[in-house]
Amino acid sequence: MTGTGQDTKQDTDRVAETSLAKAIRLLPIVAERNESGVTLSAVARKANLTTATARRLLQGLVDGGLLSFDPYSKIYTLGIGIFNLAGAPGSPRQFDPVRMELRPALNEIATVTGETTFLSVPFNDEALCIDASGDTYALCANTLRVGARRPLGVGAGSAAILAALPENQCDRLIAASSDTFSRYGELNAAEVRRMVRHWREHRWLINGSIIIPDVGAIAVAVFDQTGQLRAAISVAALKSHLGPKHRKEIVAVMKRAIERVGFKT
């Protein structure tokens, strides 16, 4: 039991965390009714909060720009601040157009191969994962998640993006990141150069369990019809699933799916 003026710092922190968690829980409630807006009573009922508590939390979100409140209609909607956050540089939402265009291919590849498929895009000197399809839980050891950023060359998709860059830019990035590569399993600059050479010869590459034991990945770079590099798609699987014959089958599936949506490899 805590009394006024007798709360310990730990108790205060715990209350603050609880309030924050409650406030965060209100955001999706407003979001699901954002088109028409939602009233205080509806939010309180959905969140199982008292009206007074819901009002206080909602006001905090309004003050922070994450929600908007119309004092005349008494309706809450998402605020401009939350859209600014969602569209911040490096956010997966920034790349929604290419994600939507390639989503059918990503799903087709995952369905046909039965493996986990990732979509990554170039972002400065990194690769940003913006989408995934298939059973990502099955590869729980795989650290790649939507929103994850990797230095170019780290991971199959990231290496495919690196390999598709102009040769002098690719070489410069490998040299600059040689110390960084060693943080990722057994990856090193020589292995990245090997993947790059393989892509240049075959237009696809494989990361053979270098970063995560027993998990490998095959990747292709994705170009639009003008030849501009747009993304990379990678198929991650257990190493035992990536024998020489199956590799070629996976690549063929990837190329067909990507061409079907109007892109090239």
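**Cores, helices and confidence in a predicted model**

In the largest nonpolar core of this predicted model, which holds 38 residues, the members that touch the most others are L162, I174, L187, V192 and L205. Several elements build this core. Two or more residues each come from strand 4 (126-133), helix 6, helix 7 (167-176), helix 9 (189-202), strand 6 (205-212), strand 7 (215-223) and strand 8 (229-238). Helix 6 gives the largest share, with six residues. A second core lies apart from this one. It has 28 residues, including V98, L102, L128 and V253. Such grouping fits a general pattern: in soluble globular proteins, nonpolar side chains tend to be buried together.

V192 shows how a core residue is surrounded. Residues up to four places away in sequence are not counted here. On that basis, V192 touches G153, L162, I174, F181 and L187. Three of these partners, L162, I174 and L187, are also listed among the core members that touch the most others.

Helix 6 spans residues 156-163. This helix is mostly covered, and eight of its eight residues are buried. The buried residues are A156, G157, S158, A159, A160, I161, L162 and A163. Helix 6 also packs against helix 9. Their axes come within 9 Å and cross at roughly 65°. The crossing is right-handed. On the helix 6 side, the residues in contact are A159, L162 and A163. They meet V192, M195, V196, W199 and R200 of helix 9.

The chain as a whole contains ten helices and eight strands. It has 265 residues, and buried residues make up 45% of them. Contacts with a separation of 6 or more were also examined. Of these, 55% join residues 24 or more positions apart. The accessible surface of the chain comes to about 14100 Å². Carbon and sulfur atoms account for 53% of that surface.

I210 offers a case from strand 6. Its relative accessible area is 17%, so I210 counts as buried, the cut-off being under 20%. Along the chain, I210 and Y184 are 26 residues apart. In space, their C-alpha atoms are separated by 8.2 Å. With residues up to four places away in sequence left out, I210 touches Y184, G185, E186, L187 and E191. One of these, L187, also touches V192.

R25 belongs to helix 1. Its relative accessibility is 37%. R25 therefore counts as partly exposed, because this value falls between the 20% and 50% cut-offs. R25 and A47 are 22 residues apart in sequence, while their C-alpha atoms are 7.4 Å apart in space. Leaving aside neighbours within four places in sequence, R25 is in contact with A47 and L49.

Confidence varies along the chain. The average pLDDT is 87, and 89% of the residues score at least 70. Among the elements, helix 6 has the highest mean pLDDT, 97. The lowest mean, 72, belongs to helix 1 (residues 9-31). Over residues 6-17 the pLDDT is below 50. Beyond near neighbours in sequence, this stretch has three contacts in the model. Where pLDDT is low, the predicted coordinates should not be read in detail.

Technical notes: Residues are numbered from 1 along each chain as its sequence is written. This is a predicted model: local features need pLDDT of at least 70, side-chain atom pairs count only at pLDDT 80 or more; totals for chains, interfaces and linings use all residues. Side-chain values use heavy atoms; hydrogens and water are left out. pLDDT is the predictor's confidence in each residue, from 0 to 100. Helices (H or I, at least four residues) and strands (E, at least two) are DSSP runs, numbered from the N terminus. Contact means heavy atoms within 4.5 Å. A nonpolar core is a set of buried Ala, Val, Leu, Ile, Met, Phe, Trp, Tyr and Cys residues joined through side-chain atoms within 4.5 Å. Buried means under 20% relative accessible area, exposed over 50%, partly exposed in between (1.4 Å probe, protein chains only). Accessible areas come from the Shrake-Rupley method with a 1.4 Å probe; for residues, only the protein chains shown count as cover. Axes are lines fitted to C-alpha atoms, for helices over the stretch in contact, and angles run from 0 to 180 degrees between N-to-C directions. A crossing is left-handed if the near helix is turned anticlockwise from the far one by less than a right angle, and right-handed if clockwise.
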